[in-house]
Amino acid sequence: MKRVGILISGGGSNMVALARDMVGDHPGRAKLVIANDPGAGGLLKANALRIPTAVVDHRDFLKDREGFEAELQVVLEDAGIEMIALAGFMRILTPGFTAKWAGRMLNIHPSLLPKYKGLHTHARALEAGDTQHGCTVHEVTADLDDGPILGQARMDVRAGDTPQSLAERLLPLEHQLYPAVLRRYLAGDRRPVMLDG
Ligand code: GRF
């Protein structure tokens, strides 16, 4: 049974979906939720799910990314974490940290990678006139939003869609995709999960 740490920055809806799925015959258990912001709404949701939480506030480290990550590493090791799921975690990790967790760290990104790495993915898909949009779960490597793709969920872009309406319609798909990928990944199965919304 793998001990999974979930890193968040915001509301934590993906964290909740992952944690709720890690029961029964699932090969992992959510053992820790870490936020880089003490005000992250997901911390309260983790408490309600009785998952231990911690805060490592990146602002305490100013520009010292390695210092921030060294503290993260201590918190992860103290909890015996073996696998990391980034779930709406908005800090860019250094190559040193991603190398340490190579093959043991996943991320969800709200676009059909390799399209629209980085921010504002919904607005960029609309600006480009895309007819399909979606989300991707990938292994985390040194390059942002670039690691091996483990799953994608697609949905049609509708007339009148806005970045907000796309984000709202995509989130339930994220909550299906990420748990399915994590369950398969921890079972050692690298076949990609493909969903249509
Ligand atoms: C999600 O859309 C995720 O793809 C992106 O940030 C958002 C976080 O949502 N990285 P939540 O905090 O999991 O609710």
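Where does Pro114 lie? Let's keep that one in mind for a moment, because the answer makes a nice stop near the end of this tour. Hello everyone, and thanks for coming. A word before we start: what you see above is a predicted model.

Let's begin with the ligand. It sits in the largest pocket. Around the ligand you will find Gly11, Gly12, Ser13, Asn14, Gly88, Ile108, Pro110, Leu171 and Glu174. By class, this shell holds 3 nonpolar residues, 5 polar ones and 1 charged one.

Now look at the polar contacts. On the backbone side, an N or O atom of Gly12 is 2.9 Å from a ligand oxygen. Asn14 also places a backbone N or O atom 2.9 Å from an oxygen atom of the ligand. Glu174 uses its side chain instead: one of its polar atoms there lies 2.8 Å from a ligand oxygen. How much of the ligand does the protein bury? On its own the ligand exposes 370 Å², and the protein buries 79% of that. Two elements give two or more residues to the shell around the ligand, namely helix 1, residues 13-21, and helix 6, residues 163-186.

Next, please zoom out to the pocket itself. The largest pocket has a volume of about 850 Å³, and 35 residues line it. Which of them lie nearest its centre? Those are Gly88, Phe89, Met90, Ile108 and Pro110. You may recognise Gly88, Ile108 and Pro110, which are also among the residues surrounding the ligand. Helix 1 and helix 6 each give two or more residues to the lining of the pocket, and so do strand 5, at 105-109, and helix 5, at 121-127. Sorted by class, the lining has 15 nonpolar, 16 polar and 4 charged residues.

There is also an enclosed space to visit. The count of cavities of 30 Å³ or more comes to 1, and the largest cavity has a volume of about 50 Å³. Its lining is made of Leu150, Val181, Arg184, Tyr185, Asp189, Arg190, Arg191 and Val193. Helix 6 turns up again here, with the largest share of that lining, 3 residues. What classes make up the lining of the largest cavity? It has 4 nonpolar and 4 charged residues, with no polar ones.

Finally, two backbone details. Most residues other than glycine have a negative phi, and most peptide bonds are trans. With that in mind, look at Arg50: it is not a glycine, yet it has a positive phi of about 60°. You can find Arg50 in the loop between helix 2, residues 42-48, and strand 3, residues 53-55.

And now back to my opening question. Pro114 lies in the loop that runs between strand 5 and helix 5. The peptide bond joining Leu113 and Pro114 is cis, with omega at about 15°. Thanks for listening, and please do turn the model around for yourselves.

Terms used
Residues numbered from 1 in each chain as written. Predicted model: local features only at pLDDT ≥ 70, side-chain atom pairs only at ≥ 80, totals over all residues. Heavy atoms only, no water. Near = heavy atom within 4 Å. Polar contact = N/O pair within 3.5 Å; in protein donor to acceptor, adjacent residues only side chain to side chain. Areas by Shrake-Rupley, 256 points an atom, 1.4 Å probe, with all protein chains shown as cover. 1 Å grid on protein atoms, 1.4 Å probe; cavity = no way out; pocket = protein on both sides within 12 Å on 5 of 7 lines; lining within 4 Å. Sits in = over half its atoms within 2 Å of the grid points. Helix = DSSP H or I, 4+ residues; strand = E, 2+ residues; numbered from the N terminus. Nonpolar A, V, L, I, M, F, W, Y, C, P; charged D, E, K, R; others polar. Points joined across faces, edges and corners; volume = space filled by probe spheres on them.
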